[in-house]
Amino acid sequence: MLDVIGIHTYYGLSHILFDVSIKVDKGEVVGLLGRNGAGKSTTMKSIMGLTPPKEGKILFKGEEITGEKPFKLFRKGIGYVPDDRRVFADLSVDDNLEIVFRRGNEWNKKRVYDLFPALEEIKNRRAGNLSGGEQQMLTIARALMGSPELLLLDEPTEGLAPLIVRDLEEQILKLKNAGISILLSEQNIRSAMKLIDRAYVIDNGRIRYEGTAAELEANEEVKKKYLMV
């Protein structure tokens, strides 16, 4: 589904990602785990064409997409949920969804509201007046309106109350069961370990570890060194 092969990404002259390689197979939830500033968000932005890598390549379903514009990747079937949410604050919840809907898509507002019933209850409310948890649900729902085959979730639980985090975990598992492949960037390791099949641990822009969720759970050295668990 997704193959990130040896990418190097820069912000200006600052070298941020070093030879990062990640693979997500169809139907998998893969965790990109690490502390704040480790390179998780930059990896997501590199995949989505927001900070294109200067070296290496990115493949989606076998097609090279390195550096393609985000709107083109959205049309190809990649949904992106940024860590800062970026809702259209002056539009209602319903209009936030409508603005990205394309006719004939597998996902529509009814299906999205079935997944997030709390959003349907506030569908006429301005997005700028929503709580952090409601905005996070809306951002994921908006990404789903493109009927993605791959969903990039960047720090989805950041800043949310524990009860909201548990609800979000259930919804992410429902997306997995619906056949959507997910790359999940997280600092909240406890939450991520409930969801992921495999994990990559990133630190200072380099992949330091990869393995199954069970292997990472058993590796106290890696968790202590890179995840502060």
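In this predicted model, the second largest pocket has a volume of about 170 Å³. Its lining is made up of 14 residues, and those closest to the centre are Thr157, Leu160, Val165, Asn188 and Ser191. Two elements, helix H7 (162-177) and helix H8 (189-193), each give two or more residues to this lining. H7 provides the largest share, with four residues. Sorted by class, the lining of the second largest pocket holds seven charged, four polar and three nonpolar residues.

Serine 191 is a good place to pause in this pocket. This residue belongs to helix H8 and is among the residues closest to the centre of the second largest pocket. Serine 191 counts as buried because its relative accessibility is 3%, and the cut-off for buried is under 20%. With neighbours within four places in sequence set aside, serine 191 is in contact with Thr157, Val165 and Glu169. Of these partners, Thr157 and Val165 are themselves listed with serine 191 among the residues closest to the pocket centre.

Attention now turns to the largest pocket, which encloses about 400 Å³ of space. Here, too, 14 residues form the lining, and Met48, Phe74, Tyr80, Pro82 and Arg142 lie nearest the centre. Helix H2 (70-76), strand E6 (78-81) and helix H6 (132-144) are the elements that contribute two or more residues each. The lining of the largest pocket comprises 10 nonpolar residues, two polar ones and two charged ones.

Proline 82, one of the residues nearest the centre of the largest pocket, can be set against tyrosine 113. The two are 31 residues apart in sequence, and their C-alpha atoms are 21 Å apart in space. Tyrosine 113 sits in helix H4 (residues 109-115). With a relative accessible area of 5%, tyrosine 113 is buried. Beyond residues up to four places away in sequence, tyrosine 113 touches Val93, Asp94, Leu97, Leu119, Glu120 and Lys123.

The strands come next. Strands of a sheet pair through backbone hydrogen bonds, in either a parallel or an antiparallel sense. One open sheet has four strands in the order E2-E1-E4-E5, and its pairing is antiparallel. Strand E2 (14-24) and strand E5 (63-64) are the edge strands, each pairing on one side only. Within this sheet, strand E1 (residues 2-11) and strand E4 (residues 55-60) run antiparallel and are joined by five bridges. Leucine 2 stands opposite phenylalanine 60 in E4. Helix H1 (residues 40-47) lies across E1, E2 and E4, and runs at about 110° to E1.

An open sheet of six strands has mixed pairing and follows the order E6-E7-E8-E3-E9-E10. Its edges are E6 and strand E10 (206-212), each of which pairs on one side only. From one strand to the next, the twist averages 15°. Strand E3 (residues 29-33) pairs with strand E9 (residues 198-203) in the parallel sense over four bridges, and valine 201 in E9 is the bridge partner of leucine 33. H1 packs on this sheet as well, touching E3, E6, strand E7 (150-154), strand E8 (181-186) and E9, with its direction at about 145° to that of E8. Helix H10 (residues 220-227) also packs on the six-stranded sheet, where it touches E3, E9 and E10 and makes an angle of about 40° with the direction of E9. Helix H1 thus touches strands of the four-stranded sheet and of the six-stranded sheet.

Conventions:
Residues are numbered from 1 along each chain as its sequence is written. This is a predicted model: local features need pLDDT of at least 70, side-chain atom pairs count only at pLDDT 80 or more; totals for chains, interfaces and linings use all residues. Side-chain values use heavy atoms; hydrogens and water are left out. On a 1 Å grid over the protein atoms alone, a cavity is a set of points where a 1.4 Å probe fits but cannot get out, and a pocket is an open set with protein on both sides within 12 Å along at least five of seven lines; lining residues have an atom within 4 Å of a point. Grid points are joined across faces, edges and corners, and a volume is the space filled by probe spheres set on the points. Ala, Val, Leu, Ile, Met, Phe, Trp, Tyr, Cys and Pro count as nonpolar, Asp, Glu, Lys and Arg as charged, and the others, Gly among them, as polar. Buried means under 20% relative accessible area, exposed over 50%, partly exposed in between (1.4 Å probe, protein chains only). Contact means heavy atoms within 4.5 Å. Two strands pair if DSSP finds at least two bridges between them. Axes are lines fitted to C-alpha atoms, for helices over the stretch in contact, and angles run from 0 to 180 degrees between N-to-C directions.
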